[in-house]
Amino acid sequence: MLKKVVNNTLFRLLIGVILGLVLGNYLTPKTIQVVLSIKYFTGQLIFFLVPLIVIGFIVSSITKLSQGSIKIVSFSLLIAYLSSVGAGIFSMIMGYNIIPNLSIPTSVDKLKEVPEILFQLDIPPIFSVMTALILSLMLGIGILLTKAKELEKIFDQFKDIVILMVNKVLIPILPFFIAANFAILSYEGSIEKQLPVFLKVILIAIVGHIIWLTLLYSIAAFYHKTNPFKLLKFYPPVYLTAVGTMSSAATLGVAVKAVNDSKVMKPSITNFTIPFFSNTHLCGSVLTEVFFVMTVSQVLYGHVPDLNSMLIFVGLLGIFAVGAPGVPGGTVVASLGLITNVLGFDEAGIALILTIFALQDSFGTACNITADGALSMIVDKYDDSISRV
């Protein structure tokens, strides 16, 4: 029994969080360099594997679909965009009704400076996540339409290798990566100093995540005719990994394993949808960013942006978010041009939005990756419906 608990992924991730928070209080400028090196090395390994995971699962999964797989891909992209934009509109409505009534401070105490990294071993990915995604779609659909059975077998074997790497490399090093992240946050003081400053808006954003997740899973449960808790009970390790790493990409391997373990949906669908949605569906990040840009506008400029500007911003943000890298803060970084050009933010506004977004980025990421399960249920049922036609 004890061995089963110790080997549990959720238990190991929780231990990583606790150890990181405690350790950070006792680190010195010299010892923090060791932690920085651990974070960098484990992060490099994780992000090296991510494009391989995308190719390994998506190509093999598309080749197992019917000739209507192009419909599956198009439908998946459509509902991912609608969910992200819907979350943004919901957040906008919430912002217009809540933000003018809030009193939000604009400054934070200076954080302890983190020294330069002691040891840095670069392990760059073969290509970017978006390149892997587009390549996977082209290869998968091409193999399906040309009936290239030999290539199909090769990618099936490649997927087996990727699964092995996820189980033997990615999942074992995740607790160390998470522990290092939280140790650094604890050392520099962002947990103790920054979080209370923006606690109000962060809590409101998290409540928004919960409401949006409830809506998505309710729709998915109604359409799929399945109790969503049969899937959600496998999601705690996924959510915690996302909170600890602040990256959907780094959480991808854990998410694929959790969904397949639930046996709620067909693996032929989920092995495609979970990697696909992790790069195209960012409802939590979009919801958060919309609320935060409205908050920062109120703080710095004395008003929230007008409705027309916000509608344009939300519609374009849903597209820009698809191109966001699977790294911490990717969504807001990808949309900086929108924030300056559509909303008219200056350098002070950009600095503040980057700060406040970074404080909750882990929760937005966790919302993104958790919501992917609901969209996967919808795609799974959609596949059944087009297969009967």
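Helix α11 is largely enclosed by the rest of the structure, because 12 of its 15 residues are buried. Buried means under 20% relative accessible area, exposed over 50%, and partly exposed in between (1.4 Å probe, protein chains only). Helices are DSSP runs of H or I with at least four residues, numbered from the N terminus. The buried residues of α11 include Ser 248, Leu 252, Val 256 and Ser 262.

This is a predicted model: local features need pLDDT of at least 70, side-chain atom pairs count only at pLDDT 80 or more, and totals for chains, interfaces and linings use all residues. Residues are numbered from 1 along each chain as its sequence is written, and side-chain values use heavy atoms, without hydrogens and water.

Some values for α11:

| Feature | Value |
|---|---|
| Expected span of α11 (1.5 Å times one less than its number of residues) | 21 Å |
| Distance between end C-alpha atoms of α11 | 19 Å |
| Bend at Val 254 (angle between axes fitted to the seven residues ending there and the seven starting there) | about 35 degrees |
| Phi of Lys 263, just after α11 | about 60 degrees |

Now the core. A nonpolar core is a set of buried Ala, Val, Leu, Ile, Met, Phe, Trp, Tyr and Cys residues joined through side-chain atoms within 4.5 Å. The largest has 101 residues. Its largest share, 15 residues, comes from α17. Val 293 is among those with the most contacts inside this core. Val 293 touches Phe 313, Ile 339 and Leu 343, among others, not counting residues up to four places away in sequence; contact means heavy atoms within 4.5 Å.

Helix α17 (residues 347-387) also holds Asp 384. Asp 384 is partly exposed, at 26%.

Key
Helix = DSSP H or I, 4+ residues; strand = E, 2+ residues; numbered from the N terminus.
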